[in-house]
Amino acid sequence: MATVVPPPSKRQKRENLEKTQIQQDVTAVAAGPAGSFKARFLDSDGKQMADVIEVPLADASEKNLSLLLNTLLAREREEFLPYRFRIHIPETDIIVDQYPTDLLQLLRSHGIENPFETTVTLSAEPQAVFKVQAVTRMSHRIPGHGEAILAAQFSPATSGLLATGSGDKTARIWDTATGTPKYTLSGHAHWVLCVSWSPDGMRLATGSMDKSVRLWDPATGKPAAGTGALTGHSKWVTNIAWEPYHLWEHGSPRLASASKDTTIRVWAVNTGRTEHVLSGHRSSVSCVKWGGTGLIYSGSHDKTVRVWNAEKGTLVHTLSSHAHWVNHLALSTDFALRTSFYDHQPTPSGEEERRNKAKERFEKAARFQGKIAERLVSASDDFTMYLWDPSQGTKPVARLLGHQKAINHVTFSPDGSLIASAGWDNHTKIWSARDGKFINTLRGHVAPIYQCAFSADSRLLVTASKDTTLKVWSMATCKLAVDLPGHQDEVFAVDWSPDGQRVGSGGKDKAVRLWMN
């Protein structure tokens with residue numbers, strides 16, 4: 001028999017009656033801290049955006065300050081931009097990255113007894129205008145691969161196409177809208193270790209353990225016209241990077257491939273010719289990135305990161321600070337370079353407009369303190385990461401300490417403000433991309449994390465782990481937003497589509513899984 005709650009006693013009845021007869025004092029609850037402070041708004045380059053204005057402390061929430069700043073800049077209601085604020089503590093060099101719930105408390109904790117007489121400087125960072133919803137459910141599970149899935153990437157043009165590379169010697173293109181396999185790209189003689197879409201979405205490159213790179217036409221699923229396998233490496237191909245769209249000359253793109261044979265090869269895609277062999281690393285090259293200013297960055301097991309001039313094929317810098325293998329690199333402009341001229345606005349049709357738009361998006365992403373400076377972050381087996389600004393020389397900007405074990409994967413948020421790193425210590429850590437300061441640790445996975453990917457608006461992060469789950473984290477709170485179980489085994493690869501609609505993942509259980517809101 002179900003337990004029945006006993007009827008209220010006489011005392012409880014009497015107390016309830018008294019409660020209903022007393023008028024509650026609302027004023028005491030509603031009033032926030034009394035008083036006000038003066039706010040000075042700066043943009044990301046440190047220029048003042050508007051006049052200094054007095055703000056009541058009771059209303060000083062981040063949302064209200066954002067509305068206030070938009071009003072001060074005389075914007076129309078439709079053109080309002082959401083802002084995030086960093087607080088510069090007066091008379092110190094301390095900058096608080098996360099906006100607090102209680103501003104008065106924060107200022108007092110830093111020794112400012114009477115905040116009402118100080119001017120607080122707030123640096124405003126515009127957020128993405130659109131909002132990506134967290135993926136919450138598995139929309140499709142698509143079997144097809146015969147072995148584990150090792151790499152996955154969405155097309156920059158549409159979230160309707162996902163490419164995966166697998167241990168069954170094939171790459172596949174999936175139609176994610178219907179959840180069906182579209183093309184099987186067979187030709188490699190060994191595991192396909194990496195897949196990479198060209199920034200215009202017209203070609204797909206795959207690199208394999210059979211030492212070759214192959215190019216495919218995603219519209220037909222056949223090898224791209226005029227090129228066979230790109231051969232020349234003497235060991236397997238570990239990573240591929242396309243030349244950014246705004247640097248393409250006469251529609252003939254180039255491609256860089258990194259290999260275990262210690263070299264990076266630069267290929268002319270249309271002819272399949274090797275343009276340069278970048279040799280200098282003394283061990284396997286684990287990662288290669290092609291920057292928007294014509295530099296190629298490579299990280300290697302010889303503990304160095306090398307910066308090459310893509311045009312001449314010469315070495316520019318060697319960045320050596322790590323004490324162990326460099327596993328992964330990320331550029332602050334990765335997202336803009338990967339998606340070139342595709343964004344949430346209509347796609348330009350002419351070649352010239354496309355190039356201009358790609359260049360404009362790159363320059364916006366690379367702008368740091370008023371100049372074009374592409375930042376680079378390297379993750380290593382020595383448990384640390386370094387933040388570099390190769391345009392400024394070979395000294396690291398910051399050393400990012402905190403992981404307890406080797407770091408697998410590192411990535412910049414699309415807006416360039418955050419860095420996420422995932423490692424064998426089961427943690428993902430979030431850092432400020434401006435100065436490499438530690439922000440928070442995302443705890444929840446119970447096994448090593450292989451990869452992570454940001455949503456296009458930089459507000460969410462998805463992580464893929466050996467513990468068979470994906471997890472989606474909110475960047476505002478640094479807390480778990482959604483837990484996505486569903487895989488039967490380790491999840492090796494994950495990607496969030498550039499338009500924010502879908503997440504694709506693959507791993508040891510051989511089936512591609514697609515996740516939607």
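**Cysteines and the domain boundary**

Visitor: How many disulfides are there?

Guide: The count comes to zero disulfides, taking a disulfide as a pair of cysteine sulfur atoms within 2.5 Å. This is a predicted model, in which local features need pLDDT of at least 70 and side-chain atom pairs count only at pLDDT 80 or more, while totals for chains, interfaces and linings use all residues. Residues are numbered from 1 along each chain as its sequence is written, and side-chain values use heavy atoms, with hydrogens and water left out.

Visitor: Why no bond for cysteine 194?

Guide: Its closest cysteine sulfur, in cysteine 287, lies 10 Å from the sulfur of cysteine 194, which is too far for a bond.

Visitor: And is cysteine 194 buried or exposed?

Guide: Cysteine 194 is buried, at 8% relative accessibility, where buried means under 20% relative accessible area, exposed over 50%, and partly exposed in between (1.4 Å probe, protein chains only).

Visitor: What about cysteine 478?

Guide: The closest cysteine sulfur to that of cysteine 478 belongs to cysteine 452 and is 13 Å away, again too far for a bond; cysteine 478 is also buried, at 7% relative accessible area.

Visitor: Changing topic, how is the protein divided into domains?

Guide: Domain 1 spans 35-126 and domain 2 spans 137-516, with bounds from an automatic or database domain assignment, and their centres, taken over C-alpha atoms, are 36 Å apart.

Visitor: How many residues are in contact between them?

Guide: Eight residues of domain 1 are in contact (heavy atoms within 4.5 Å) with eleven of domain 2. In domain 1, Asp45, Arg86 and Gln98 lose the most area to domain 2, together 50% of what that side buries.

Visitor: How many salt bridges between the domains?

Guide: Zero, counting a side-chain nitrogen of Lys or Arg within 4 Å of a carboxyl oxygen of Asp or Glu.

Key
Buried area is the accessible area (1.4 Å probe) that two parts lose on being put together, summed over both.
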